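Okay, thanks everyone for coming. I'll take a few minutes to walk you through this one, so have a look at the screen.

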Amino acid sequence: MLLNISKYLTNYFVKKHIIEFDKTDIFIYGFQLTLSTFASIISILALSWFTDIIYGIIFLLFFMPIRFCAGGYHANTYHKCYIYTNLCFIITMLFSKLALQYHLLHIYLPSALLGILYLWWKAPCRNTNNPLSEISLYKNKIHAHTVLIIYCLISIITYFLNVFIFLLEFDTVFLVSVLFIIGNLENRHETS
């Protein structure tokens, strides 16, 4: 369905002479990516409506920017990506609630910090399906570091305002570091 909508939109723009025919594959891919991302955003906001919409917004603000510049594991279909992204939100919410309810911050905080430091050290993830130039890798590393610094500053302030939101922010970045590690392991396996 996503492919059909993307083809329809691309053909519409080709007929209107907005895009050139020889670039249809690029635009089909771009529309698929955009529509898939938009669907994930809408469903996460809808899921968060049952608890508090701000939780979905915070998750998206802490999940998407770092994923775009650091990379990591990517599902091989848009359908799987949609499901995994929504599962990431649900898992992050559950972990944050459990950590708050059972006072587990002191137990998993050290391992989460190690995961985030690993992300700082290793980002961006080199992906065999989307090889980047050395300049692009360097730029993505700078962007990842900038985003992580901003997240750190926001999280420090949030800790004193609302511990649950702090946990949600922290757990989201930790989850991205786990996806990053999985992506690195997957890429190593594909190249060997």
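**The core and what surrounds it**

Let's begin inside. The largest nonpolar core here has 36 residues, and the ones with the most contacts within that core are Phe59, Phe63, Ile66, Ala70, Leu119, Leu148 and Tyr151. Keep in mind that this is a predicted model.

Where does that core come from? The elements giving two or more residues to it are α3 (53-70), α4 (78-101), α5 (105-122), α6 (134-161) and α7 (163-191). The largest share belongs to α7, which puts in 11 residues. As a bit of background, nonpolar side chains in soluble globular proteins tend to be buried together.

Okay, zooming out. The chain has 7 helices and 0 strands, so to speak a plain α-α-α-α-α-α-α when you read along the sequence. The C-alpha trace spans about 60 × 40 × 30 Å along its principal axes. Of the 192 residues, 37% are buried. And if you take contacts between residues at least 6 apart in sequence, 75% of them join residues at least 24 apart.

On the outside, the accessible surface comes to about 12000 Å², with 71% of that belonging to carbon and sulfur atoms. As for charge, we've got 12 positive and 9 negative side chains, and the centres of those two sets lie 2 Å apart.

Now let me pick out one helix, α3. It has 18 residues and reaches 26 Å from first C-alpha to last, close to the 26 Å you'd expect at 1.5 Å a residue. Its buried residues include Tyr55, Phe59, Phe63, Ile66 and Ala70, and also Arg67. Right after α3 you'll find glycine 71, with a positive phi near 80°.

Back to phenylalanine 59 for a second. What does phenylalanine 59 contact, leaving aside its neighbours within four places in sequence? The list is Ile44, Thr85, Cys88, Phe89, Thr92, Thr172 and Leu175.

Last stop, asparagine 184, which sits in helix α7. Is asparagine 184 buried or exposed? Its relative accessibility is 13%, so asparagine 184 counts as buried, given that the cut-off for buried is under 20%. Not counting residues up to four places away in sequence, asparagine 184 touches Tyr118, Lys122, Cys125 and Arg126.

That's my tour, happy to go back to any of it.

How values were computed. Residues numbered from 1 in each chain as written. Predicted model: local features only at pLDDT ≥ 70, side-chain atom pairs only at ≥ 80, totals over all residues. Heavy atoms only, no water. Helix = DSSP H or I, 4+ residues; strand = E, 2+ residues; numbered from the N terminus. Buried < 20%, exposed > 50% of the residue type's maximum accessible area, 1.4 Å probe, protein only. Contact = heavy atoms within 4.5 Å. Areas by Shrake-Rupley, 256 points an atom, 1.4 Å probe, with all protein chains shown as cover. Lys, Arg positive; Asp, Glu negative; His and termini not counted. Charge placed at Lys NZ, Arg CZ, Asp CG, Glu CD. Core = buried A, V, L, I, M, F, W, Y, C linked by side-chain atoms within 4.5 Å. Expected span 1.5 Å × (residues − 1).
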